[in-house]
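Thanks, I'll keep this short. I'll go through two annotated spans and then one sheet.

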Amino acid sequence: MPQSADNIKDHISLFSEPEYTKLLAEKKAQFECRPTDDAVAAQLEYSKSWEYREKNFAREHAVINPHKACQPLGAVFAAAGFEETLPYVHGSQGCAAYFRSHLARHFKESSACVSDSMTEDAAVFGGLNNIVEGLQNALKLYKPKMIAVSTTCMAEVIGDDLSAFIGTAKEKESVPADFPVPFAHTPSFVGSHVVGYDNMIKGVLNYFWDRAQGEVTRGESNGKINIIPGFDGYATANNRELKRYLDTMGVDYTVISDVSDVFDTPTDGVYRMYDGGTKLDDVRDAINAKATIALQEYCSAKTVEYIESKGQPTASFNYPLGISATDALLMKISELSGKPIPESIEKERGRLVDAIADSQAWLHGKKVALFGDPDFVYAMAVFLMELGCEPTHCLCTNAGKEWEAKMKELLASNPFGADAKVWVGKDLWHLRSLLFTEPTDLIIGSSYGKYLEKDTGIPLVRLTFPIFDRHHHHRFPIFGYQGALRVLVEILDRIFEVTDASSDISYDLTR
Amino acid sequence: MSLDNINDTAANEALIKEVLDQYPEKAAKKRARHLGTVKSDAEGNPTCGVKSNIKSVPGVMTVRGCAYAGAKGVVWGPVKDMVHISHGPIGCGQYSWSQRRNYFTGTVGIDSFVTMQVTSDFQERDIVFGGDKNLDKMIDELEVLFPLNNGISILSECPIGLIGDDIEAVSKKKGKELGKKVIPVRCEGFRGVSQSLGHHIANDAIRDWVFDKGIPEWEGTPYDVNLIADYNIGGDAWPSRKLLEEIGLRVIGSWSGDATLAEIERAPRAKLNLIHCYRSMNYICRHMEEKYEIPWVEYNFFGPTQIAASLRKIAAQFDETIQANAEKVIAKYQPLVDGVLARFKPRLEGKTVMLYVGGLRPRHTATAYDDLGMVIVGTGYEFAHNDDYQRTGHYLKEGTLIYDDVSEFELEKFIEKLRPDLVGSGIKEKYSTQKMGVPFRQMHSWDYSGPYHGYDGFAIFARDMDMAVNAPIWSKLKAPWKAA
């Protein structure tokens, strides 16, 4: 018998026991009607070939293992970053369940979000009744200070008008007329979660700056700098790291949508559905800031345009990870605030450079396949080239031509990018072909990369959302010099593990 | 809490009232029908007395999912040798990608496709012009890349039904062209009130698009059974299969965890259908009973009491040899059961449990907890129908709190008030519960553990509940300078 009370085997080892291997073999042989083992082996080999790669890249319609999510996920994430704000999804309830699960699996935290459960009748008559009832119930039960509404594709296809519906709901007193209900239309058949993030941030600003009390014009500067972090699985720790820099520099700031506390609450006997987040008064006042800095250009395009239309200067970056990206951000903050970058931060920078110098021999010329959201891939490509690595394949499912051109320009400007290729709009099944035909030393991406690691044997470093199968990565920053140090260590660890496993002869104690 | 006070009807009724008082009037009225306690009816049978399978109240944070989740995530997704297309925008397929832990054997991307996310990734132009033409071409592309697939399913997401696409026509055409089964499943997320309609629609697709359309060559025996509605979460179906084989039965189809299409096609040849998750697959069992005269039996492979009762119940459908085998098997595993109980029961006895899960577990696991000496103080279903609640009362003690389609608000209040020693629910409930200092196990995914079915699984179940309830971390909630 494989199981015993003293040595309990679960799924990890139970099914390797002879009783089970026999059972599974017999099931296969007698009942499954599978292709022959030879046919499977032949197809597996073929799937690694250049010929298969060409067929794989010839497809125009099938999308296989894509690396992107839909707009409302980004909108729900963005909404969660405001003070006591309840994300609200207008449309099918299953979507809200999926967003909540998806965020919970990554952050290991509850993710609050209501939906108004539209069903067949709403598909025919529209979801007005749902939103009237839904807003009232949500406000009464969960007592938020703000409800931020996004949409599912169902509501978008039938053409529900959020502005009019929320107006009607207020007329019907389901929520008070002055209760903040910003909204964003977030059709999942346009863009991806990064666009949904952008739309929701814009929706919130637009509520406070244009809709709540009519159009607000910029008044006297409040002396602050607004920071929009963008969709980021590391936001909990990254936002804190960024705030540490700003505090150290003595810069006054407003982080617009700060999820660092709501997705990182303590376990002390109390469940906090809301924790932290950007104060609504600060959002109101953010129009008077000196400037807005978007940390992720591709998460903030429409928001930045809107802010500029209010006469406020803006600057956009592509995820401040690595040396030069952090340098550029800090210098911009210094320029805008008039505050110098203190020596303590310069020392952190020096320590990072020191660490890279110590390890450069292990990094130089290492080929890396890289996937993720547009800003992350850009930043990581830059950092890899600072390390002396070659970002051989840079793949982004949810980017466009503009990003592609910018990536190509970046890679062309650096000898470590000379052989690198940019794959825009491609998925991880494409990447599988790339890795078999033009292999790399490492893969950098999310947990979804584990299937690539298993198929190709190329080690994966998990450094971007979503990370489901490793715990607590998001609790440590990857922004800034300290964050880069941590990224460096993760990359090095994998390189050393592979090195140790590769040869008994070169099994050195010191490396 | 003291054991004397558990399942106190009056206290629980007061708690329900307290919770309902927080709702606006209209919503309170709607929710009142879904909350209750176990009571005895006129004949002395315990009943749950709640309404179910009704639309969720907008804005209350229901835990429920949608028809697509039921059809793709539960029923069709685990069929391993088919490519399952999430047809529509990107999200649905992405969020459900590899999340159910339906274990299987095979080579991913070559002859097995369970842990892949294949989607038509609808764009605005597809909404405007329709997606049928591209779907047609997409299926050709999948044939090129995955020639060893044994069929294709098309699982509609919300927009498909709204824009009037004819996926049935595409399926017929492609099925003919490829000589394979191409199966449309109309599981748009807005249909019905929960996952449940998705199960039903998925069952109907088996009836309409798989049955009587060719069966692989087959020689039957009098002991052929189908194992229905075991999704092989963490490998559940395998210890179940082992037990059935040990009593002398031949499992010719395992649905749908680790299933191949052939196992579904030949199902009408079985002598008996054994159904674990009644809610998600009773429809197809009833159909097979009507059309092919195959009787069906419900069983429960959680915990030794129900495993033994189920083995006897199943064996009773066959001859004396099988019945004798069942007794032998029960006896064979008794030392394992004794060992598990000796190790864990003293650590778990008297601990209270609240459950909130899906299809069968709110009742099926109750007796497994009983076996460990634990007491269910509250339970409820996300998407049950009346017949599920009818099957639930006798598993529970009078006064047990019942909550159907609970809102997160209600669940939190119930947990806060009842302060159970363990909550078993889903990922969305896990972290909020633990923050309150209450141990938790995910009872959909087995919290990345399992299997829990059969005797082999019971040992793991007991170990996991012990780990959760008796984790040392629960004594560290309060900072010592604050505790007092």
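Let me start with residues 70-494 of chain A, a span that is 48% helix and 12% strand, with its end C-alpha atoms 32 Å apart. Keep in mind that this is a predicted model. The label on that span comes from UniProt, where an unreviewed entry gives residues 70-494 of chain A as "domain: Nitrogenase/oxidoreductase component".

The other span is at residues 1-56 of chain A, which UniProt, again in an unreviewed entry, lists as "domain: Nitrogenase molybdenum-iron protein beta chain N-terminal". In the model, residues 1-56 of chain A are 55% helix and 0% strand, and the C-alpha atoms at the two ends lie 46 Å apart.

Now to chain B, and a sheet there. In which order do the strands of this open sheet run? The 6 strands of chain B go β1-β14-β13-β12-β15-β16, and the pairing is mixed. At the edges sit β1, residues 35-37, and β16, residues 440-442, both of chain B, each paired on one side only. On average, neighbouring strands in this sheet are turned by 25° against each other, ignoring direction.

Take the β16 edge of chain B. Strand β15 of chain B, residues 422-425, runs parallel to β16(B), and 3 bridges join them. Within that pair, B:Gly424 has B:Arg441 of β16(B) as its bridge partner.

What packs on the sheet? Helix α1 of chain B, residues 9-20, does, and it touches β1 and β14 (401-403) of chain B. The direction of helix α1 of chain B makes about 170° with that of β1(B).

That's what I have; I'll take comments now.

Key
Residues are numbered from 1 along each chain as its sequence is written. Chains are lettered from A and ligands numbered from 1 in the order in which they are written. This is a predicted model: local features need pLDDT of at least 70, side-chain atom pairs count only at pLDDT 80 or more; totals for chains, interfaces and linings use all residues. Side-chain values use heavy atoms; hydrogens and water are left out. UniProt positions are given in the numbering used here, feature names are shortened, and annotations may be inferred rather than shown by experiment. Helices (H or I, at least four residues) and strands (E, at least two) are DSSP runs, numbered from the N terminus. Two strands pair if DSSP finds at least two bridges between them. Axes are lines fitted to C-alpha atoms, for helices over the stretch in contact, and angles run from 0 to 180 degrees between N-to-C directions. Contact means heavy atoms within 4.5 Å.
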